[in-house]
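Work through the exercises below with the sequence and the structure open beside you. Try each task before reading its solution.

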Amino acid sequence: MSPVPVASRTPLTDYAAVIGEGEIEELRTLAKPLAGRTFEMVNSTAVGGGVAEMLNRLVPLAEELGLNIRWEVMTGGEDFFEVTKAFHNALHGEPYHPDPKHFEVYRAYTEQNLKRIPLDAEFIEIHDPQPAGMINSRRAGKGHWIWRCHIDLSHPNRVVWDFLEPYVARYNGALFSSPEFARQLPIPQYLVYPSIDPLAEKNKDLDPAFIADVLARYQIDPLRPILTQISRFDRLKDPVGVIRAYRIVRRYFDCQLVLAGGSASDDPEGAVVLREVKAAADNDPDIKVLELPAWAPLEVNALQRASTIVIQKSLREGFGLTVSEALWKKKPVVASAVGGIPTQVIHKHTGLLAHSVEGTAYQIRFLLSHPEIAARLGEQGHQHVKENFLITQNLKNYLTLFLMLSQRAAD
Amino acid sequence: MQVAEKPFEFSTVANLTRIGNFSAGTLADLLNGLEHCSDASIFHHTFQTLGSHHFLTEGFSNDFAQWVLVDANRDALAEQLAALDIRDYTSIAALRDDLCRVVRDYIAQHPEFAQQETLERFYFCESLQVTLPFGVQARTLDEFHDGVGRLSHAAFHFHFIASRLRLQLRTNDFSHWLANSLGLKVLADYINRIDIYTNTLDSARDKVLRLIEREKRKHEPGASS
């Protein structure tokens with residue numbers, strides 16, 4: 001078995017232009033005591049999804065800093081991923097009908113993967129619930145094991161959490177994206193925010209001609225205000241609520257609305273929501289409902305950069321990194337105060353929060369009336385992301401955690 | 001140019017946030033949390049947050065004040081909490097006492113708000129810190145200038161803001177060394193007066209560097225003292 005080859009490598013020095021030489025020097029200093037030591041990341045997919053995207057960027061940077069790091073992906077049949085999808089939804093608080101077979105399937109695939117993946121590194125990080133059971137291979141006193149949970153555990157289904165908790169409780173620590181997601185556990189719990197890569201296609205600077213091209217392709221008028229929400233067509237993202245807010249704003253401003261998300265062709269629920277959204281749009285030529293290809297980072301980047309205001313009117317949210325993406329582009333953001341969003345949108349400092357359709361509309365109107373305030377929020381939002389939500393900060397968090405674990409073991 | 005006997009040792013600093021055991025959904029909960037949370041938690045929500053939000057130079061002081069303003073919607077209390085200046089404190093115990101006093105007094109005056117539920121809960125967290133030698137030291141003003149210019153935000157915050165808790169003095173590492181090792185008391189005082197609430201870490205650092213440059217010019221041959 002061989003570790004996952006990473007898709008792209010951006011040298012650490014390229015980030016100096018973004019965060020400054022001092023921060024890069026600090027990363028090198030922190031990594032020095034960890035050089036040559038072994039690290040292992042385990043998750044359940046090599047492509048698609050935020051975790052794979054993050055590891056693709058993080059692993060080569062850690063390698064460049066001298067860490068002996070390996071990334072492994074657990075495998076499973078359709079039955080395993082059906083079970084873990086059900087677990088995932090249940091942990092997000094959705095209804096779950098307990099089935100003893102589910103737990104058997106989970107245990108069987110865990111054992112199968114344990115035979116296949118060597119878990120012998122000094123520091124092992126297991127991502128999300130799918131591979132959480134791999135802690136079974138831990139020998140007493142060997143290695144530092146960390147569980148990183150990327151999902152919202154604030155209202156988990158009791159049955160599923162009761163099944164997973166005994167595994168999680170055996171780790172040396174758990175990482176969560178928000179304090180709200182932490183559980184009562186006998187192990188230390190740490191806060192590590194998800195991050196964006198400023199040099200990735202989704203976030204890098206773009207040629208204005210390319211942005212103009214994208215607007216022309218989707219028949220969006222660059223001369224009138226553009227309100228945008230980027231998210232998959234999911235009721236929890238409340239795209240119909242965004243349309244209602246837009247209609248209120250339209251009474252005062254001649255603006256356009258862009259709702260852009262991944263294609264709903266392989267997601268039956270997404271297709272239903274997309275139909276609801278199109279019905280709510282009611283053929284309004286100023287509402288653009290865009291089904292982007294599964295992976296269209298440059299188009300998303302261009303739409304965010306062309307926007308006057310970016311909206312994230314989610315009803316529930318894990319962290320909502322699209323908010324950080326917009327803030328990075330210095331866009332004023334109006335978003336719901338749910339999940340990890342208030343961490344990114346500090347009300348009246350890095351954006352505006354709202355709690356309803358009417359509130360969302362009001363905040364949008366306020367920003368359209370006060371472009372100088374919108375610009376200040378966008379600028380401060382950019383600084384907030386630079387300080388707290390970039391991949392280099394994520395890397396620094398990992399180095400700090402590993403140094404702490406290693407110092408604690410030495411004491 | 002004077003050479004210090006004891007060099008200034010620059011550090012590298014990294015913080016990790018540990019999620020604490022307390023959370024607050026009312027002002028009464030906040031007071032209970034303030035009374036019982038760890039010192040590392042008080043540090044995190046005051047000293048540390050000023051570093052991670054240094055780019056906000058208007059109306060942001062600490063996490064407690066921000067939460068009281070936005071989620072508890074109690075402007076007057078938020079204002080009082082925001083007015084606590086961390087430069088006045090050389091110990092977490094004293095800062096905790098004042099935070100508790102402000103909230104306790106407010107609740108005593110407005111008991112009707114004590115149990116009112118807030119929009120979002122406040123989660124007490126702690127800052128855990130790892131410090132390592134940066135491998136850079138300074139014995140002269142030139143070397144000191146270069147070292148300050150190379151620091152990360154976290155390291156600058158460590159030396160310039162959090163240092164008063166370590167020194168237990170109303171000063172910072174930079175001023176302390178400049179005054180005691182190079183005898184530059186006036187420069188030390190100017191640096192210590194830089195307002196960390198109305199400056200970003202970058203602009204504060206720029207001011208430190210400019211003050212050092214001005215001091216260096218004073219010592220150039222032919223300069224009038």
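The structure shown here is a predicted model, and the exercises move from single strands to domains and then to the contact between chains.

**Exercise 1. Find the bridge partners of Thr38(A) in E2(A) and of Phe39(A) in E3(A).**

Begin with strand E1 of chain A, which covers residues 38-43 and has 5 of its 6 residues buried. On one pairing, E1(A) is joined to strand E2 (residues 68-73) of chain A, in the parallel sense and over 6 bridges. Within this pairing, Thr38(A) has Asn68(A) as its bridge partner. Next take strand E3 (residues 123-127) of chain A, which also pairs with E1(A) in the parallel sense, here over 4 bridges. In that strand, the bridge partner of Phe39(A) is Phe123(A).

**Exercise 2. Check the span of helix H3 of chain A against the expected value, and find what covers its buried residues.**

Helix H3 of chain A runs over residues 50-64, which makes 15 residues. At 1.5 Å a residue, counted for one residue less than the total, the helix should span 21 Å, and because its end C-alpha atoms are 22 Å apart, the two values agree. For the second part, list the buried residues of H3(A): Glu53(A), Met54(A), Leu55(A), Asn56(A), Arg57(A), Leu58(A), Val59(A), Leu61(A) and Ala62(A). The elements that cover them include E1, E2 and helix H15 (391-410) of chain A. Just after the helix, Gly66(A) takes a positive phi of about 100°.

**Exercise 3. Describe the domains of chain A and the contact between them.**

Chain A is divided into domain 1, made of 12-195 + 391-410, and domain 2, made of 208-388. Their C-alpha centres lie 30 Å apart. To the contact, domain 1 of chain A gives 10 residues and domain 2 of chain A gives 8 residues. Sorted by class, the side of domain 1 of chain A that touches domain 2 of chain A has 4 nonpolar, 5 polar and 1 charged residues.

**Exercise 4. Which strands stand at the edges of the open sheet of 6 strands in chain A, and which helices lie on the sheet strands?**

Write down the order of the strands, which is E9-E8-E7-E10-E11-E12 in chain A, with parallel pairing. Strand E9 (287-292) and strand E12 (352-354) of chain A each have a single partner strand, so they stand at the edges, with one side of each left without a neighbour in the sheet. From one strand to the next, the twist averages 20°. As an example of the pairing, strand E10 (residues 309-312) and strand E11 (residues 333-336) of chain A run parallel and are joined by 3 bridges, and Gln312(A) stands opposite Ala335(A) in E11(A).

Now add the helices. Helix H8 (residues 239-250) of chain A packs on the sheet and touches strand E7 (226-230), strand E8 (256-262), E9 and E10 of chain A, its direction making about 170° with that of E8(A). Helix H11 (residues 321-328) of chain A lies across E7, E10 and E11 of chain A, and runs at about 165° to E11(A).

**Exercise 5. Give the make-up of chain B and describe how its domains meet.**

Chain B has 11 helices and 2 strands, and its C-alpha trace spans about 70 × 35 × 25 Å along the principal axes. Of its 225 residues, 44% are buried. The chain is divided into domain 1 (13-126) and domain 2 (140-218), whose centres, taken over C-alpha atoms, are separated by 27 Å. Here 14 residues of domain 1 of chain B are in contact with 18 residues of domain 2 of chain B. On the domain 1 side of that contact, E1 and helix H2 (39-52) of chain B each supply at least two residues, and the residues of this side divide into 6 nonpolar, 7 polar and 1 charged.

**Exercise 6. How many residues of each chain take part in the contact between chain A and chain B, and which strands pair across it?**

Start with the count, which is 26 residues of chain B in contact with 30 residues of chain A. On the chain B side, strand E1 (8-24), strand E2 (122-138) and helix H7 (153-160) each supply at least two residues, and by class the residues of this side are 17 nonpolar, 6 polar and 3 charged. Then look for strand pairing: strand E6 (residues 189-191) of chain A and E1(B) pair in the antiparallel sense over 2 bridges. In E1(B), Arg18(B) is the bridge partner of Tyr190(A).

Key. Residues numbered from 1 in each chain as written. Chains lettered and ligands numbered in written order. Predicted model: local features only at pLDDT ≥ 70, side-chain atom pairs only at ≥ 80, totals over all residues. Buried ≥ 20, exposed ≤ 12 C-beta atoms within 10 Å, placed from the backbone. Pairing = 2+ DSSP bridges. Contact = placed C-beta atoms within 7 Å. Nonpolar A, V, L, I, M, F, W, Y, C, P; charged D, E, K, R; others polar. Domains from an automatic or database assignment. Axes fitted to C-alpha atoms, helices over the stretch in contact; angles between N-to-C directions.
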